[in-house]
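Student: Hi, could you walk me through some backbone oddities in this one?
Tutor: Sure, let's take a look together.
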Amino acid sequence: MTENYTPTSEQAAAQANETVMRSQSPVSPEQTTSTVEDIITAYPKKVAKKRAKHIVVRDGNEPTQEIQANARTTPGIITQRGCAFAGCKGVVVAPFGDCIHIVHGPVGCSYYSWLTRRNQFKPREEGQNFIHYCFTTDMNEHDIVFGGVGKLKTAIQEAYDTFHPKAITVHATCPVGLIGDDIQGAAKEMSDKLGISVMSFNCEGYKGVSQSAGHHIANNGIFKNWIGADQETEEIPGYTVNHEVRRTSC
Amino acid sequence: MTKTKSNQTNKTNYVSTTNACKLCKPLGACIAFRGIENCVPYLHGSQGCATYMRRYIISHFREPIDIASSSLSEKHAVYGGGPNLKKGILNVMEKYEAKMVGIATTCLTETIGDDVPQFLYEFNEEFGDQGLPTLVNVATPSYSGTHMEGFHATVKAVIDQLVGKTDMNTIAIAPKTIIPNVNIIPGLVSPEDLRHLRDILEDFGIAGTILPDYSDTLDAPATDEYAKIPEGGTPVADIAQMHQAKATLEFGRVLAATGNTGGELLRDRHSVPHYALGLPIGLRECDRFFATLETTTGQPTPRKYTQRRGRLVDAYVDGHKYIFGKKAVVYGEEDLCVAITAFLAEIGVKPVLCASGGKSGHFQEAITAVTQELLREPPLVKEGFDFYEIAEEIEQLQPDLLIGTSKGYPLARKLQIPLLRVGFPIHDRFGGQRTLHLGYQGTQRLYDQLVNAVLEKKQADSPVGYGYL
């Protein structure tokens, strides 16, 4: 390694991650273990037995620790868990009120994630606000058989023509992944055509064990495509992701 | 770009849907299954569907509803969901002691082509000795149809799979002594409506089967102990005997026009006379309903109801000066729209637009049937419409009020006109599940609300603020 070595941003991130993973917590492992035990013993015996597998004290030297909370839901058990789509569109992405979010799929998924309690947004002065809208391609039987990419592209075009948003996101529902609609390709094509960021998320509902998988899909997309995309604009005070979302390829 | 100009209205025909005016098919199935005694609705698909629909149904009914799910993952999407379906039913049996499990499919399982009847056949073969619950399945891919079609398909599936059966390998079906006099298939009405229908049957002094009846299960009294499955619902034994009734009364003019209903199945398979009626809202539709009850039961309408009818006519006269000539937009599910439009036409309010997200192909003819003798100008009727298109259409129509679900609120707010909330979903007002729409009484309630909405608007807009109207 020479003195002039400067790591790329990805390498730097990987290094930072490694450091965190290996670092010692300011709280001693014994302290943590006893706190966890306190939590567990508060439960009734039967629940405590199950719950114990859901709380794992991290051991920096054990990179493959497993946590039971990441297990699949038992079929037939009424679960509080949602799906990857709910985590991606419903939770993480929809509150970006100044973008348009298109749900590519049949009507239900967009309807149920329309203006729910998580979807709160305060527009900036003169800013755009699409939080009251619910966009979908409303796929029908024909689209399932013959593919829905054409409909999706038209929907993106219509959303752009009508509202002129700074960015559009596209969210896949179960059947989209099953029939193999290339939403990434469609998004890229429309992004190039319209000159705004059109980002797509393959957050089909059957992915992962809960909505948590959707959070990851959403965050990965946002970090990969949006955050830091605009180096020139000065940061506006407040909780903003990016002032001006520039066109990025997805 | 496939934007085209429509001949009629000169508006853009959008390919995309913005603010949909319909929900998805399995949701209707879940509500219908919830109206059967000791039944747990079960969605064969990914678990998000069950969670989303539970949350949505709760926001209207303000009542817990448990919907089980096969919780399918990528692996099952590839190899099929049969094993999970069987595991799931066994778990529901164990945890809920359900007498019936109502299995509806979702987009996922319909797209991969899971053969649910075959899975259930295998399940029966494998576990038939364990005293299985009654199993009913219905195909509800949400890419073909709306929540209403899911609801009706479920009612039909229940009739198809249960009526006349006594010897299935099940614990729930046992013959009952009371033979039903009439069957009522009311469609997706409120729990209060169902209670009202039960009262009407009781006042006529007849035993009847209402399918489904979620008046207790989706609007239950508070209890000290939490019941996993709330009491109430149409008993499976009653459903099994629906073929012995003297008649079936089925609500919904659009439904009737589809020619594919549970009531027709009872007629064709079991020779039960079938009466297709509109939802009994408004004087004329209510009169038809009560006349049919008189014909089938041989009983005269009890005085209680003739009195209510009289009071309703009186109210029509008293309130006419406030509301005549007002323009209304009606939206929501097709059959409720038709019934509300029939009511508006007879009270002198002009329905200017009837819009629905549904695409049955029979909306126009049903609206025409109820308005042609009453209205000089027929309303604009739009199928497959969303709220963005309704908003565009409204610009020229300039209505005085909106009638429909909570989803019209942004529009009402923008136009600063009253919104009369009816149907499903109502999640920005309290007591949506207790909204009475049906009968002379329901019509009276709607009429009072409508007049008051107009008066309130008049009062609010007045610079003086008159307090005597």
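Student: Where is Asn38(B) in chain B?
Tutor: Asn38(B) sits in the loop between helix H1 (25-34) and strand S4 (39-44) of chain B. Helices (H or I, at least four residues) and strands (E, at least two) are DSSP runs, numbered from the N terminus. This is a predicted model, where local features need pLDDT of at least 70, and residues are numbered from 1 along each chain as its sequence is written. Chains are lettered from A in the order in which they are written.

Student: What's odd about the phi of Asn38(B)?
Tutor: Asn38(B) has a positive phi of about 55 degrees, although it is not a glycine. Most residues other than glycine have a negative phi.

Student: And is Asn38(B) buried or exposed?
Tutor: Asn38(B) is partly exposed, at 24% relative accessibility. Buried means under 20% relative accessible area, exposed over 50%, and partly exposed in between (1.4 Å probe, protein chains only).

Student: What about chain A, where is Asp138(A)?
Tutor: Asp138(A) lies in the loop between strand S2 (135-136) and helix H6 (141-146) of chain A. Asp138(A) has a positive phi of about 45 degrees and is not a glycine. With 14% relative accessibility, Asp138(A) counts as buried.

Student: New topic: which way round is the peptide bond from Leu211(B) to Pro212(B), cis or trans?
Tutor: That bond is cis, with omega near -10 degrees. Most peptide bonds are trans. Pro212(B) is in the loop between strand S9 (208-210) and helix H9 (236-240) of chain B.

Student: And what is omega from Phe424(B) to Pro425(B)?
Tutor: Omega is near 0 degrees there, and the bond is cis. Pro425(B) belongs to the loop between strand S16 (419-421) and helix H18 (439-461) of chain B.

Key
This is a predicted model: local features need pLDDT of at least 70, side-chain atom pairs count only at pLDDT 80 or more; totals for chains, interfaces and linings use all residues. Side-chain values use heavy atoms; hydrogens and water are left out.
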